[in-house]
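Colleague: I would like to work through this model feature by feature. Please give the general idea each time, and then the case at hand.

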Amino acid sequence: MSKPVVLIAEELSPATVDALGPDFDVRNVDGTDRPALLKELATAHAILVRSATKVDAEAIAAAPLLKVIARAGVGLDNVDIKAATSAGVMVVNAPTSNIISAAELTVGHIISLARHIPPAHGALAEGQWKRSKYTGVELYEKTIGIIGLGRIGALVAARMQAFGTNIIAFDPYITSARAQQLGVTPVTLDELLAQSDFVTIHMPKTPETTGMLGAAQFALMKPTAFVVNVARGGLIDEAELHDALVAGTIAGAGLDVYVSEPPTGSPLLGLPNIITTPHLGASTDEAQEKAGVSVAKSVRLALSGELVPDAVNVAGGVIDPYVRPGIPLVEKLGQVFSGLAAHSPLTSVDVDIRGELADYDVSVLKLAALKGIFTNVVSETVSYVNAPLLAEQRGVAVRLITDKESPEYRNVITLRGALADGSQVSVSGTLTGTKQIEKIVEVNGYEVEVPFAQHLIVMIYTDRPGIVAVYGREFGDAQINIAGMQIARHVAGGKALSVLTVDSPVPASLLATVRDAIDADVMVEIALTE
């Protein structure tokens, strides 16, 4: 078989190609050459880009084999995420690759504003010795206001504390305990603006945050204060910033990002009290290499149909280590569930998670359940990005339910579904012991405790003497070895459930023979796919 094609559309570090490994046909194209890009996309399974290549709806439509779009960086303005999701294409980025570089650039802007380093250098390069003109201020005991105390904001706080500054922050999603842990005093936005000598903003760009610093906010700041933005263009209203700088409402600004890039013709560029850089937040050798290596690893995972934590169009986000062992368990439960439900179309499924896991973000387990359910149902490769689409296309309603109460197990995960014929199916599993052994602990309401195996047989029949001997003889005569068995029932003489693990596949004809021999209500073989 030919290797999957990975298209690199912009210059990436050699370590990126090394991280991809030898399993792919790596090709290069100039992503800004539109005709060449569209031509190469026709055979591409993955594309790696930075910021110059536009992967829009047209590009995605031109790539029928495309499985993943990888942006070697943080921003995704050049990728049509909605179109990618509709096409079942995973979009990944490198959300942590540039956080140190961005934090350090923020500190660099703050120091440059405090000491007028760029204009002083410019003057001296022109032969002008203007020591008195560029008298600055110390950072010691100044107040630094951080808007947005996420990963970059927290790094800025840690670095600025080394200067003996007072750090205050505004972030509506950060608890007081977290702020205290970072050595930061939480305040309102108005309080931050009024108290700070330097304001730096580290917020995502959303409709709510666009233009969040404008004339009204500058009016609250000290006339000696400075504002810095290395996050996203548009968080600061550029026209109103220009007016504030000209009027002396604030002392100065440092910008690395702009509404339009490059900011050709912007009146901000000609002001003496602003320091500008050309979007250098991620422009370090280290950040570029980390970004490339990160998305290369994501591409490998995506093309093998595995979970990609950095996929932006997959719910779940960063997966807690406590949750991660549950992912393969739930995928297997999904395959067992689909085997039990094979007799009628699925109309709804609940992913019910009980126990200590309920304290964590377990949304990824819902994706794992859907991936398992559809793995042996559809012909295409099922991934974490297209599994919800497959459910939606089939009209399957999906719910995630969590409950901290789990009386019998520390954690138990149940997949419970309704079928079009009015019946219901369910299967539950858990991880047991120090080795975290994956076990099935319930099937259709019957309590069992069965380790997973590649081949499982589930039978439901009327409980009566001699049944085990009957199916044991049938399997033995067919040279099918029974590796394990457990029987469960609610009452003697009622319905019983038997779960067998066997060493080899069971022919459909043999299953039919056993079904008839014991008059089984349910007789299914479930072959788990790794």
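Colleague: What does the accessible surface of the chain come to, and what percentage belongs to carbon and sulfur atoms?

Modeller: A word on the source first: this is a predicted model. The accessible surface comes to about 24700 Å², and 53% of that belongs to carbon and sulfur atoms. As for burial, 49% of the 530 residues count as buried.

Colleague: How many helices and strands are in the chain, and why is the chain said to be more spread out than a compact globule?

Modeller: The chain has 17 helices and 22 strands. Its radius of gyration is 30 Å, whereas the globule rule gives 24 Å for 530 residues; the value is well over the rule, so the chain is more spread out than a compact globule. The C-alpha trace spans about 105 × 55 × 35 Å along the principal axes.

Colleague: What percentage of the contacts between residues at least 6 apart in sequence join residues at least 24 apart?

Modeller: The figure is 62%.

Colleague: And the charges: how many side chains are positive and how many negative?

Modeller: There are 40 positive and 58 negative side chains. The centres of the two sets lie 2 Å apart.

Colleague: Let us turn to the interior. Which residues of the largest nonpolar core touch the most other members?

Modeller: A nonpolar core is a set of buried nonpolar residues joined through side-chain atoms within 4.5 Å. Here the largest one has 51 residues, and Val336, Leu340, Leu365 and Val427 touch the most other members. Helix H14, residues 363-375, supplies the largest share of this core, eight residues. Apart from it lies another core, of 29 residues, including Ala225, Ala244, Leu245 and Leu255.

Colleague: Take one of those from the first core. With which residues is leucine 365 in contact, leaving aside neighbours within four places in sequence?

Modeller: On that basis leucine 365 is in contact with Val323, Gly326, Ile327, Val330, Val351, Ile353, Leu357 and Ile413.

Colleague: Now the other core. Is leucine 255 buried or exposed?

Modeller: Burial is judged by relative accessible area, with under 20% counting as buried. Leucine 255 has 3%, so it is buried. Leucine 255 is in strand S11, and beyond four places in sequence its contacts include His109, Ile236, Leu268 and Ile275. Its C-alpha is separated by 8.5 Å from that of proline 278, a residue 23 places further along the chain.

Colleague: His109 appears in that list. Where does histidine 109 lie, and what does it touch?

Modeller: Histidine 109 is part of helix H5, residues 99-115. With a relative accessible area of 2%, histidine 109 is buried. Beyond four places in sequence, the contacts of histidine 109 are Val228, Val230, Gly254, Leu255, Asp256, Ile275 and Thr277.

Colleague: How should I read the backbone angles?

Modeller: Most residues other than glycine have a negative phi, and most peptide bonds are trans. Histidine 279 is not a glycine, yet its phi is positive, about 50 degrees. Histidine 279 sits in the loop between S12 and helix H12 (285-303) and is partly exposed at 36% relative accessibility. Glutamine 436 also has a positive phi, about 55 degrees, without being a glycine. The loop between strand S16 (424-432) and strand S17 (437-443) holds glutamine 436, which is partly exposed with a relative accessible area of 38%.

Colleague: Which peptide bond is cis?

Modeller: The bond from glutamate 261 to proline 262 is cis, with omega near -5 degrees. Proline 262 is in the loop between strand S11 (252-255) and strand S12 (274-276).

Colleague: Finally, what are the settings of isoleucine 460 and serine 504?

Modeller: Isoleucine 460 is in strand S19, residues 455-462, and is buried at 9% relative accessible area. Among its contacts beyond four places in sequence are Tyr446, Leu497 and Val522. Isoleucine 460 lies 46 Å from isoleucine 81, C-alpha to C-alpha. Serine 504 is in the loop between strand S21 (495-502) and helix H17 (508-518). Its relative accessibility of 22% makes serine 504 partly exposed. Beyond four places in sequence, serine 504 touches His455, Ile480 and Glu525.

Definitions and conventions: Residues are numbered from 1 along each chain as its sequence is written. This is a predicted model: local features need pLDDT of at least 70, side-chain atom pairs count only at pLDDT 80 or more; totals for chains, interfaces and linings use all residues. Side-chain values use heavy atoms; hydrogens and water are left out. Helices (H or I, at least four residues) and strands (E, at least two) are DSSP runs, numbered from the N terminus. The radius of gyration is taken over C-alpha atoms; the globule rule is 2.2 Å times the number of residues to the power 0.38. Buried means under 20% relative accessible area, exposed over 50%, partly exposed in between (1.4 Å probe, protein chains only). Contact means heavy atoms within 4.5 Å. Accessible areas come from the Shrake-Rupley method with a 1.4 Å probe; for residues, only the protein chains shown count as cover. Lys and Arg count as positive and Asp and Glu as negative; His and the chain ends are not counted. The place of a charge is taken as NZ of Lys, CZ of Arg, CG of Asp or CD of Glu.
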